[in-house]
Amino acid sequence: MQGYIIHTQKAKEEDLIVYILTKDLLIKCYRFYGARHASVMQGFKIDFELNESANFLPHLRSVLHLGFNWLVVRERLLIWQQFMRLFYAHLKDVEHIDEIYFNQAEICAQRFLKQNPKRLIIESYVRILEHEGRLHDELACFVCDETIADSLSLTRGFLPSHTHCAGNFSFEAEKIAHLFKDKSTILLNDEEVNELYTIILQGF
């Protein structure tokens with residue numbers, strides 16, 4: 001079985017509770033500490049086995065780290081771990097999940113070295129919002145319910161509003177409409193990408 005470690009939590013001594021995102025499950029399991037064990041860290045993609053326990057969490061066994069070259073680039077690793085924290089906060093109370101979350105992690109991981117990581121995450125975020133039925137692509141202000149024509153602001157979940165209604169950073173409506181329709185940040189400059197990424201860090 002393969003998956004992404006989206007969260008680790010210290011248990012007694014050096015043991016860990018580990019949350020792993022797979023194609024259709026969010027697995028909560030227990031990792032016993034051992035000097036010969038492969039390292040387990042948030043953001044790693046691993047191949048693994050589970051030993052079921054009748055009275056406790058399944059035990060994480062036979063861990064093989066499936067590495068990516070960009071993991072040694074500190075800036076990219078930190079952004080990736082932020083992405084994993086978003087998944088954990090969004091999915092932590094669910095066991096069975098749709099495979100879009102794993103698939104989007106896969107897409108980003110494969111492209112993280114050569115493409116702008118924040119742009120990749122923004123595009124994945126929009127795809128996930130659309131899948132969940134929460135993408136407001138008609139661009140109507142959630143404050144006054146009027147259509148947005150020129151500029152807009154976005155809040156958590158990329159909820160749109162008139163700039164004068166919400167008072168946040170102003171985006172051109174045309175650029176956001178393109179992002180929502182084509183799942184592409186190509187029209188956005190770096191300042192706009194950074195603003196969108198800041199919104200994403202608030203959560204799904």
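In this predicted model, helix α3, formed by residues 117-131, packs against helix α6, formed by residues 190-200. The two axes lie 10 Å apart and enclose an angle of about 55°. Helix α3 is therefore oblique to helix α6. The crossing of α3 past α6 is left-handed.

Charged side chains also form contacts, and the structure contains seven salt bridges. One of them joins the side chains of Glu-130 and Lys-183, with an N to O distance of 3.2 Å. This pair connects distant parts of the chain, since Glu-130 belongs to helix α3 whereas Lys-183 is located in the loop between α5 (173-182) and α6, 53 residues apart. The surroundings of the two partners can be described by their relative accessibility. Glu-130 has a value of 41% and therefore counts as partly exposed. Lys-183 has a relative accessible area of 13%, and because buried residues are those under 20%, Lys-183 is classed as buried.

A further group of charged residues is centred on the contacts of Lys-175. The side chain of Lys-175 forms a salt bridge with that of Glu-172, at an N to O distance of 4.0 Å. Lys-175 also forms a salt bridge with Glu-192, and here the closest N and O atoms are 3.2 Å apart. Because Lys-175 lies in helix α5 and Glu-192 in helix α6, this second pair ties together parts of the chain that are 17 residues apart in sequence. Glu-172, Lys-175 and Glu-192 are thus linked in a network of salt bridges. With a relative accessibility of 15%, Lys-175 counts as buried, and Glu-192 is likewise buried. Glu-172, by contrast, reaches 44% relative accessibility and is therefore partly exposed.

A nonpolar feature is present at the surface. Val-72, Val-73 and Leu-113 together make a nonpolar surface patch of about 260 Å². Within this patch, Val-73 is situated in the loop between strand β5 (59-65) and helix α1 (74-91). The relative accessibility of Val-73 is 33%, so this residue counts as partly exposed.

Taken together, helix α6 takes part in several of the features described. Helix α6 packs obliquely against α3, and its residue Glu-192 is paired with Lys-175 of helix α5. Helix α3, in turn, contributes Glu-130 to the pair with Lys-183.

Technical notes
Residues are numbered from 1 along each chain as its sequence is written. This is a predicted model: local features need pLDDT of at least 70, side-chain atom pairs count only at pLDDT 80 or more; totals for chains, interfaces and linings use all residues. Side-chain values use heavy atoms; hydrogens and water are left out. Patches are made of residues with over 30% relative accessible area and no salt bridge: like charges are joined within 9 Å, nonpolar side chains (Val, Leu, Ile, Met, Phe, Trp, Tyr) within 5 Å. Accessible areas come from the Shrake-Rupley method with a 1.4 Å probe; for residues, only the protein chains shown count as cover. Helices (H or I, at least four residues) and strands (E, at least two) are DSSP runs, numbered from the N terminus. Buried means under 20% relative accessible area, exposed over 50%, partly exposed in between (1.4 Å probe, protein chains only). Axes are lines fitted to C-alpha atoms, for helices over the stretch in contact, and angles run from 0 to 180 degrees between N-to-C directions. Angles under 35 degrees count as roughly parallel, over 145 as roughly antiparallel, 65 to 115 as roughly perpendicular and the rest as oblique. A crossing is left-handed if the near helix is turned anticlockwise from the far one by less than a right angle, and right-handed if clockwise.
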